[in-house]
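Biologist: Hi! Could you walk me through this one? I'd like to hear about the cavities, and then the aromatic rings.

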Amino acid sequence: MEILFILGAPLILAILAFVMKNKKAAGIINAISYFAVLSCALLLLKRCVLSECRVSFFGFIYLDALSAFFIFTASVVTFAAALYSIGYVNKDVKEGVISGRRAGIYYSLFNLFCFSMFLVPALNNLGMLWVAIEMTTLISAFLVGFYNTKKSVEAAWKYIIICSVGIILALLGTILFSYAFAVSGVAKSLNWTDIAQVAHILDKNILKIAFIFILVGYGTKAGLAPMHTWLPDAHSQAVSPISALLSGVLLKMALYAILRFGFIIIKGVGFEYFGNLMLLLGVISLVISSGFVLVQKDLKRLLAYSSIEHVGIISIGFGLGAPLGFIGALLHIFNHAVTKSLMFFTAADAISVYKKHNINAIRGVMKALPFAGVMMLLGVFALTGFPPFSIFISEILIIIAAFLNGSYFVAGLLLICLGIVFGAFIYHFGKMLFGNLPKGIIPAGEQLSAKFAYLVLLFPILALGIVLVFKQKDLIWIAQKLFQG
Amino acid sequence: MQAIILFGVLISTYLMVIAKRSTSLIRAFRYQSFCLFLATLIIAFNEKQLDLYIVAGLLFVIKVLAIPRYLYRFLNKIKANEDLGLFINTQLSLLFALGFTYLAWVFARRLIVSDYALAAIVPAAAFFMVLIGIFLMIFRMTALAQIIGLLAAENGLFLLASTVSGGMPFFVEIAIFFDVFVSVIIMGFFIYRINKLFTHIDVNKLSRLRG
């Protein structure tokens, strides 16, 4: 029943935010409600991992450990984003960047966006899954073009068009999956549970072709190279709390869709086919993005390219297979979501002080923003995979999986690219964090809500990084549980 | 009868390829949707299912009436240049379209499991429509052509779904219709903004974001 609350709360909040006059109060109510959603998601996760959990409204909603995991990941990031939004929107309203009415629209769209993302992992019907993912694109396009400047409208247009082409291909793949199912002569259905049950008797050729379409289609949405071109534009132009949601949750929801179809492929065609395709796209994303990270001049674009890199790592993890690569990839989904959100929030704070996205214009963040500066420094180390932060654990799991699998080439490439990205991050952020403040920049006070948001995000980064070192056995048990799903 | 309708679908798709102006592109899209509507109506009549009648009705209302009318009104409102801006001229586009027709046929023949060779002909037409839709999105410069390309590709998918898998489940069909309708309105909204900010809707000139 938790799922009803998780899906219902954002819808009610969306209406509330539109109606309420006091926008600051709307923001605070937002944050409190998302805390409740987070607790519900935690309960749901616990129930789904420990016992079977298959809620069903006429076969419409299906929840297993995997969907609960994705909902939980989404709820952590949305809670932090809701917290961060309070201060961020307040500041924008105070400075006259947006009007009070626009602030209400922002909160409404924020909630609708969250609703569509919570909906994706809960659905059973593959056609509805497609509709939900298209819905995330349509709603977030408004949030990308929210500031209505030339750049942001251009980014929104590219985002909506490129993702729509991708999603058309994904629909083609979905139809081919249902064709494979219809040819087998069992029944007419698009439910994942029905198709997955009989996956082994479906026509292999159709499944193979269908999965290529799915991978290219949803891969566009997931930001896998070479279909990633919308991503840096959209991430850099979106409202900052939304950048975090795009990077932390939206990309992962597309990966979730790929995984759902992947399960059918693994059962019907064999792991090899699925694994090799995922490895291929993962490696391409990793190599392309690490090159772009090196030469980036825009702070938010830098983070966006780093998202492509991490999606590549996740895809490599799934490509390496169970159980180590798989658990590494799943953990990485969560770790990347929280760490990248932390980075986007601190970057947004820095940008609001310096009024520029350009890395060269940002100097001495430590002096201007002591709290956010420290968080940014910790975030840089967490994101580049330093112990004791959680990304270290997931990356090392994936690298071990690569060596155990005998994929020395992939392992080597992964290590080289991680090295390049690490160097680039230290170089870029070293310059930004330390050094003298440019003239005319006054250290401004930091928002309380933002500080809370940082701590909310830092907690799982540190806690997972430390606890998981001692809990490998539980980890593998959970991995097997998730993989059965 | 079905052969005639299929022929109509193909002709209207070719018309989209050779259209030079926005209005003729929208008109060709209307013809294409109308042919699809007839095809669905015939299937509904043969299978005697209420669901399919409703789907056909929705198709007529949304894709033949509402969307083209919305786009026409929209064109009048923004007073944008009528020219579509071709990257590839019409003759060459037509050659591409012929190539795509053959490609779609080969692909459909390989994919469709049937003893009867002509079973692949409707899926082939559907793949062809998807290919042309994506072709229009890439090789026409205005934002409007991109919307129509998307709609044409979606029409192709509709045809594919209604033939190969015996149609999507009813509520999925409705949801997809709704989704397409909403996405056209949202894209129209963004074109309106692009036109206001840039004073043109030439997507090729949107190049502020690089690297």
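Modeller: Happy to. First, what I mean by a cavity: a set of grid points where a 1.4 Å probe fits but cannot get out. Keep in mind, too, that this is a predicted model.

Biologist: Good to know. How many cavities of 30 Å³ or more does the count come to?

Modeller: There are four cavities of 30 Å³ or more. The largest cavity has a volume of about 100 Å³, and the second largest has about 80 Å³.

Biologist: Which residues lie nearest the centre of the largest cavity?

Modeller: Those are A:Glu134, B:Leu150, B:Glu154, B:Val180 and B:Ser183, out of 14 residues that line the largest cavity. Two or more lining residues come from each of these elements: α5 (126–144) and α6 (150–183) of chain A, and α6 (143–164) and α7 (170–198) of chain B.

Biologist: And which element gives the most to that lining?

Modeller: α7(B) does, with five residues in the lining of the largest cavity. By class, that lining has nine nonpolar, two polar and three charged residues.

Biologist: What about the second largest cavity, which residues line it?

Modeller: From chain A, A:Leu171 and A:Ile175 line the second largest cavity. From chain B, its lining has B:Glu154, B:Leu157, B:Phe158, B:Ala161, B:Met168, B:Glu173, B:Ile176 and B:Phe177. The elements giving two or more residues are α6 of chain A and both α6 and α7 of chain B.

Biologist: Which element has the largest share there, and what is the lining by class?

Modeller: The largest share, four residues, comes from α6(B). The lining of the second largest cavity has eight nonpolar, no polar and two charged residues.

Biologist: Since chain B keeps coming up, where is confidence lowest and where is it highest in that chain?

Modeller: In chain B, confidence is lowest in α7(B), at a mean pLDDT of 86, and highest in helix α4 (residues 90–111), at 92. For chain B the mean pLDDT is 87, and 96% of its residues reach 70 or more.

Biologist: Thanks. On to the rings: how many aromatic pairs are there over all chains?

Modeller: The count comes to 43 aromatic pairs over all chains. One of them is A:Tyr84 with A:Phe345, a stacked pair with 4.4 Å centre to centre and 10° between the planes.

Biologist: What does that pair tie together?

Modeller: A:Tyr84 is in helix α3 (residues 65–94) of chain A and A:Phe345 is in helix α13 (residues 324–354) of chain A, so the pair ties together parts that are 261 residues apart in sequence.

Biologist: Are those two rings' residues buried or exposed?

Modeller: A:Tyr84 counts as buried because its relative accessibility is 2%, under the 20% cut-off. A:Phe345 is buried as well, with a relative accessible area of 0%.

Biologist: Got a pair from chain B?

Modeller: Sure: the rings of B:Phe37 and B:Phe60 have centres 4.8 Å apart and planes at 45°, so this pair is tilted. B:Phe37 belongs to helix α2 (residues 22–47) of chain B and B:Phe60 to helix α3 (residues 50–78) of chain B, so parts that are 23 residues apart in sequence are tied together. B:Phe37 is buried at 13% relative accessibility, while B:Phe60 is partly exposed at 27%.

Biologist: Last one: which charged ends sit over rings?

Modeller: The charged end of A:Arg102 sits over the ring of A:Phe146, 4.4 Å from its centre. A:Phe146 is also in an aromatic cluster with A:Tyr34, A:Tyr106, A:Tyr107, A:Phe110 and A:Tyr147. In chain B, the charged end of B:Lys77 sits over the ring of B:Tyr192, 5.2 Å from its centre.

How values were computed
Residues are numbered from 1 along each chain as its sequence is written. Chains are lettered from A and ligands numbered from 1 in the order in which they are written. This is a predicted model: local features need pLDDT of at least 70, side-chain atom pairs count only at pLDDT 80 or more; totals for chains, interfaces and linings use all residues. Side-chain values use heavy atoms; hydrogens and water are left out. Rings of Phe, Tyr and Trp (its six-membered ring) pair if their centres lie within 6.5 Å; planes under 30 degrees apart count as stacked, over 60 as edge-to-face and the rest as tilted. Buried means under 20% relative accessible area, exposed over 50%, partly exposed in between (1.4 Å probe, protein chains only). A charge sits over a ring if NZ of Lys or CZ of Arg is within 6 Å of the ring centre and within 35 degrees of the ring normal. On a 1 Å grid over the protein atoms alone, a cavity is a set of points where a 1.4 Å probe fits but cannot get out, and a pocket is an open set with protein on both sides within 12 Å along at least five of seven lines; lining residues have an atom within 4 Å of a point. Grid points are joined across faces, edges and corners, and a volume is the space filled by probe spheres set on the points. Ala, Val, Leu, Ile, Met, Phe, Trp, Tyr, Cys and Pro count as nonpolar, Asp, Glu, Lys and Arg as charged, and the others, Gly among them, as polar. pLDDT is the predictor's confidence in each residue, from 0 to 100.
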